[in-house]
Every structure is written in C-alpha cells, then in structure tokens.
Amino acid sequence: MRVLLIEDDEMIGSSVAENLAEAAYAVDWFKNGKDALEAPFATDYDVCLLDLGLPLVDGIKVLEYWRKNKLKAPVIIMTARDELEDRVTGLDTGADDYVVKPFAMAELLARIRAVTRRRAGADPDGTITYGDLTLIPNNHEVRVREVGGERSLILTSREFALFEALMSRPGAVLSREALEGRIYGWDEEVDSNAIEYLLYALRRKIGSEFIKNIRGVGWKINKITKSQEGAAPDEEGASGAK
C-alpha cells in the first residue's frame, strides 16, 4: 500500500514515515503545500495524509485543489488545529477523516485501514477473501483453506505488502514495476531481484499454485477452490474478493 505524506514538521514527518514503513507501507513524503498540489496525480496513492499548517500553500487549499481536480484517493487530515470549526471545514472540503496532533500511531494506522477498506469495498474488518485464500490485514495473517481444514500463517511486513497488492486486485496481472510501486517509496533503493525473492518466499509459505507467473507480464493471484471436495481450480472465477 502506498501513502502520500504531506508534513512540514521534520520530527513528526520522520516519525510517521518510519512507523508507516515498519507497518509495510510505501511512503512518499513532501514538506510543503506547493509540492503537494500535483503529487497525488503523478502516482496512484491508496491514502493521503495531509497536514493543514503547511508552508507556501495551506493544507485546506491543497485539499480544495485535489478535490476540484477529482482526486479519488482518501485523505486523512492530521493537524494541531483542533477547533470544531477547523474539523468541520476540513471534512466539508473533502477529507475522509481527521486526526488531531499529538496522536498515537496505532490510531493513525487504524484510521488508514478504515478509509482504505471503505474505498476497496473490503469486509468491515478489512479481510479479503479470494478462493481458498483469506488475508487479514490487522495482524498480517493469511488463512489457507484445505480439504478437511485450514492452516494459518503470519507474513513479514514486506511479504504482506506484496501479497496485499495482489489480493487487492484478484485475478489481475501486476508487473514487477507495479508491485515495486506498492511496496517501496520513491526514495528507497530496490534490489533488482527483490520482488522475485519475496514472491519465492510467499509461494513457499502459501503454496506455489496460488501465485501464478504470466511470463513476460507479471504475477497474479490464482483462484483455487480445492478445499471443496471435487472442485477444480478456477483461475477466473466471478466471485472475486469480498
């Protein structure tokens, strides 16, 4: 999942960026309102975190510009402006949520999960199910249904970020570049075989049949329902994610 962070305070911005990275989010951090205006139109972000007291262009002006130009990504305002009028103005201008500084990272992460799952149409608790696979974002858990039972496993942060990218678009083929964009921030160095290594680790944990390589194109989640007695694998089933 990719996050756009707009925050001019160096200490707050560093803390938020580091905590997001530890939680397996790719983060792009901008420090003034002028640079923020066009940022979300150049990259597909899952959520934008916007401070209001920004230099050059105020955060409310930034938000007005984004919504006027049809930005669809959810926006969470994070600011020290805690007056009722400020909160109402932010929400009426197009923010999806509002968090007042100082805030706990656990709360911010919960709000990110809430607004992104509303956008994706996931289950209320954020789980995504496709065939025999269920992804539970809150604890990076994957459940694999099998004949006669179910097994559970926990993914590392990077494994989770990659698997979530695939599960969020079930059946779609994602290129190496698309997967890197969901996992790594623009200023992070990426090893040439990093995606392949993560895919190798995922396939060993979950089962190689669930992640299919389309040669020369990319990778996709393969819809399999072998947990149903006598059911054949179904790569293009219509039920999709729920």
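1. In this predicted model, helix 7 lies across strand 6, strand 7 and strand 8, and its direction makes an angle of about 125° with strand 7. Helix 9 (residues 194-206) lies across strand 7, strand 8 and strand 9, running at about 150° to strand 9.

2. The strands beneath these helices deserve a description of their own. Strands 6, 7, 8 and 9 form an open sheet in the order 6-7-8-9, with antiparallel pairing. Strand 6 (128-130) and strand 9 (149-154) each have a single partner strand, so one side of each is left without a neighbour in the sheet. From one strand to the next, the twist averages 15°.

3. Within this sheet, strand 7 (residues 133-136) and strand 8 (residues 141-146) are joined by four bridges in the antiparallel sense. One residue pair can be named here: I136 has E141, in strand 8, as its bridge partner.

4. The next point concerns the nonpolar interior. The largest nonpolar core has 31 residues, and L162, F163, L166 and I206 touch the most other members. At least two residues of this core come from each of strand 6, strand 7, strand 8, helix 7, helix 8 (176-183), helix 9 and strand 11 (218-221). Helix 7 supplies the largest share, seven residues.

5. F163 merits individual attention. This residue lies in helix 7 (residues 157-167). Is F163 buried or exposed? F163 counts as buried because its relative accessibility is 0%, and buried means under 20%. Leaving aside residues up to four places away in sequence, F163 touches L133, L135, V142, L155, L202, I206 and I221. The position of F163 may also be compared with that of K220: the two are 57 residues apart in sequence, and their C-alpha atoms are 9.8 Å apart in space.

6. Which residues does L162 touch, not counting residues up to four places away in sequence? The contacts of L162 are with L179, I183, I195, L198, L199 and L202. L202 is thus a residue that L162 touches and that F163 touches.

7. Finally, some totals describe the whole chain. Its secondary structure comes to nine helices and 11 strands. The chain has 242 residues, of which 48% count as buried. Among contacts between residues at least 6 apart in sequence, 57% join residues at least 24 apart. The chain exposes about 12000 Å², and carbon and sulfur atoms supply 49% of this area.

Conventions. Residues numbered from 1 in each chain as written. Predicted model: local features only at pLDDT ≥ 70, side-chain atom pairs only at ≥ 80, totals over all residues. Heavy atoms only, no water. Buried < 20%, exposed > 50% of the residue type's maximum accessible area, 1.4 Å probe, protein only. Contact = heavy atoms within 4.5 Å. Pairing = 2+ DSSP bridges. Axes fitted to C-alpha atoms, helices over the stretch in contact; angles between N-to-C directions. Core = buried A, V, L, I, M, F, W, Y, C linked by side-chain atoms within 4.5 Å. Areas by Shrake-Rupley, 256 points an atom, 1.4 Å probe, with all protein chains shown as cover.
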